[in-house]
Amino acid sequence: MRPAAKRRPIDHVTPRLGNERVERMWSVVEQAQQPSRRRWMYVAAAAAIALGVWRTWPSPALTSGDVVSAATAVSLPDGSELRTAEATELRVVHAEPEEVELALTQGRLQLDVSHRTRRRFAVRVGDLTVLVRGTAFTVEAKAQDVRVQVARGLVEVRMRQVVLASLSAGQSWSGPAVAPPVEAEESFEEPVQAVATPEPTPSTPGHERRPARRVREKPAPETAAMLLERANDARLAGDARAAADLYQELRTRFPRDPRAGLSAFELARISLHALHDPQRALAALQFALAHGHGFAREDAEALEVEALALAKQDCGAARDRFLGAYPNSAQRTRVARACP
Amino acid sequence: MDNVVRLQDRVDDGELVQRAQRGDLDAKRQLFQRYVALASAIAFRLTGHDSDLEDIVQDSFIAAFAGLDRLAEPAAFRGWLASIVTRTAIATLRKRKLLSRLGLLRREPVQLELLTGPGAPADVVTELRAVYAALESFPAEERVTLLLRRYDQLSLEQIAEQTGTSLATVKRRLVRAEARLHKHFATSDKPGKP
């Protein structure tokens, strides 16, 4: 520490760092150093210790309409396993083998999601949606804020239809659960309708039957946001060709929309890695780099080197530009390997 | 002198990095403990937001440990980590700005009351709060360049190294940021302005 007389004004700007906070940060960093299975066991153990004791019910299966309001460990019809901490409020919106949707109002939810290619698995917190492939992760809702931490697999965090973050093992995301009012040219809201469930069924300890469920109506004219959602859904369902066509449609029909640049980037990624079409990827990247919004630029430029190499075009200049612009990039090795 | 307890010698960074490069988790933990305060301070000072701190620090250490093989000079871990934290903070600021523009993130003002510690003199508190409030509207790169130069008092070369840019870019950003700051205070000093 600097002597008081020599302290600069900025030395007074100091974060509050307690042992607990440091340990919490280390546990995330440490998870990322572990092989995946061990990491999952570590997270489960750490979460159990942090939360006190998990109360384990005789593992009943949850069904659509159930509400979980206590610490419990249950399974879902698609084979996924779910654990909630004390004082958690969770509603099971859909629990079908092909679609699982949970709505977390408050508390902490830990999931080990079974891997199914055609199944949509989503956790909603306010306006936020966490979309899941076969994954182990934790969602915590505290007041208006949400924290998502991934132990294994891949998770996508969306605010309404817009992707805020794609998280892989060891990564976390936090932010507000509710989107602010938007003065936009189009509505993000999807119409929903309440439909009464005909027969109530007996409740199980820790969760009880809820009388209504939400079903979607088909929206009217298709907006950029809707196209993006369809494209993302197709991508998460593993239908790369349909996803690519939808991303392409979005950037062609709504070239000035803020989502167009990101769509072009996604199109490039899919074209290159799933469809093995480097020419299409290069065309999309040209658009993405011209219309993107900065934070995906490094990824787009790395992808461009890869696409040029696969298209058997001269990738040297793009590679040198990338390595010069991002000397410490995490993608440096990948870029150098793609274009030796 | 049997009752003298010998303090364990501090292992230098180079040795810890070499052990970490071989996958030694304990060495990584020691590096984390040694530099978590530094990383947190950089993240907090550059963003002004405590809510982003943990993500920036965690992401930076994960990236640093994943890329240890690229660190040619193991003893240079401190500076290398600082540059990773700085670039992660810039990326976070840019992302926040974009999401705010899209209406997907609440535009939270910097938490001025949480910014400075209790021992800070009143004039320093006033200055820092005014500057951080002004910086909220700055592009991320200009904001970071200005803070590193004006308040962290780094040399232009050090800023270039820490932000991963050229010296010319640092100079250009600094000129723009100073002009922006001057304009901000000139405008806010006019009668009728807050």
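A residue is buried if 20 or more other C-beta atoms lie within 10 Å of its own, exposed if 12 or fewer, and partly exposed in between. The exercises below apply this definition and others to a predicted model.

**Exercise 1. The two chains in outline**

Task: State what share of the residues in chain B is buried, and how many helices and strands chain B has.

Solution. Step one concerns burial: of the 194 residues in chain B, 38% are buried. Step two concerns secondary structure: chain B contains nine helices and zero strands. Read from the N terminus, its elements follow the order α-α-α-α-α-α-α-α-α. Step three turns to chain A, where nine helices are accompanied by 15 strands. Chain A has 340 residues, of which 39% are buried. Step four considers contacts along the sequence. In chain B, 60% of the contacts between residues at least 6 apart join residues at least 24 apart. In chain A, residues 24 or more positions apart account for 45% of the contacts with a separation of 6 or more.

**Exercise 2. Burial of single residues**

Task: Classify A:Pro176 as buried or exposed, and determine how A:Ser27 counts.

Solution. A:Pro176 belongs to strand E12 of chain A. Within 10 Å there are 20 other C-beta atoms, so A:Pro176 is buried; the cut-off for this class is 20 or more. A:Ser27 is part of helix H1 of chain A, which covers residues 19–33. A:Ser27 has 16 C-beta neighbours inside 10 Å and therefore counts as partly exposed.

Each of these residues also has a partner that is distant in sequence. A:Pro176 and A:Val125 are separated by 51 residues in sequence, and their C-alpha atoms are 9.4 Å apart in space. For A:Ser27 and A:Gly170, the separation is 143 residues in sequence and 9.5 Å from C-alpha to C-alpha.

**Exercise 3. Strands around E8 and E9 of chain A**

Task: Explain why strand E9 of chain A is described as largely enclosed by the rest of the structure, and identify which strand E8(A) joins over seven bridges.

Solution. Begin with burial. E9(A) spans residues 145–152, and six of its eight residues are buried, so the strand is largely enclosed by the rest of the structure. E8(A) is mostly covered as well, with six of its seven residues buried.

Next, consider the pairing. E8(A), residues 136–142, runs antiparallel to E9(A) and is joined to it by seven bridges. Within this pair, A:Phe137 has A:Val150 as its bridge partner, and A:Val139 stands opposite A:Val148. The two strands form a hairpin with two residues between them, in which A:Ala143 takes a positive phi near 50 degrees.

Then look at the further partners. E9(A) also pairs with E12(A), residues 172–176, in the antiparallel sense over five bridges; here A:Val146 stands opposite A:Gly175. E8(A) is joined by six bridges to E5(A), residues 99–112, again in an antiparallel arrangement. In that pairing A:Arg108 stands opposite A:Glu140.

**Exercise 4. Two helix crossings**

Task: Decide how H4(A) lies relative to H5(A), and how H2(B) lies relative to H3(B).

Solution. Two packed helices are described by the angle between their axes and the distance between the axes.

For chain A, the axes of H4(A), residues 240–253, and H5(A), residues 259–273, come within 8 Å and cross at roughly 150 degrees. Angles over 145 degrees count as roughly antiparallel, so H4(A) is roughly antiparallel to H5(A). The crossing is left-handed. Among the residues making the contact are A:Ala243, A:Tyr247 and A:Leu250 of H4(A), with A:Ser263, A:Leu267 and A:Ile270 of H5(A).

For chain B, the axes of H2(B), residues 25–47, and H3(B), residues 53–66, come within 9 Å and cross at roughly 135 degrees. H2(B) is therefore oblique to H3(B). The crossing of these two helices is right-handed. Residues in contact include B:Phe32, B:Val36 and B:Phe44 of H2(B), and B:Ile56, B:Val57 and B:Phe61 of H3(B).

**Exercise 5. Irregular points of H2(B)**

Task: Find at which residue H2(B) bends and which residue follows the helix.

Solution. H2(B) bends by about 50 degrees at B:Tyr35. After the helix comes B:Gly48, which has a positive phi near 75 degrees.

Methods. Residues numbered from 1 in each chain as written. Chains lettered and ligands numbered in written order. Predicted model: local features only at pLDDT ≥ 70, side-chain atom pairs only at ≥ 80, totals over all residues. Helix = DSSP H or I, 4+ residues; strand = E, 2+ residues; numbered from the N terminus. Pairing = 2+ DSSP bridges. Bend = angle between axes of the 7 residues up to and from the residue. Axes fitted to C-alpha atoms, helices over the stretch in contact; angles between N-to-C directions. Parallel < 35°, antiparallel > 145°, perpendicular 65-115°, else oblique. Left-handed = near helix turned anticlockwise from the far one by under 90°. Contact = placed C-beta atoms within 7 Å.
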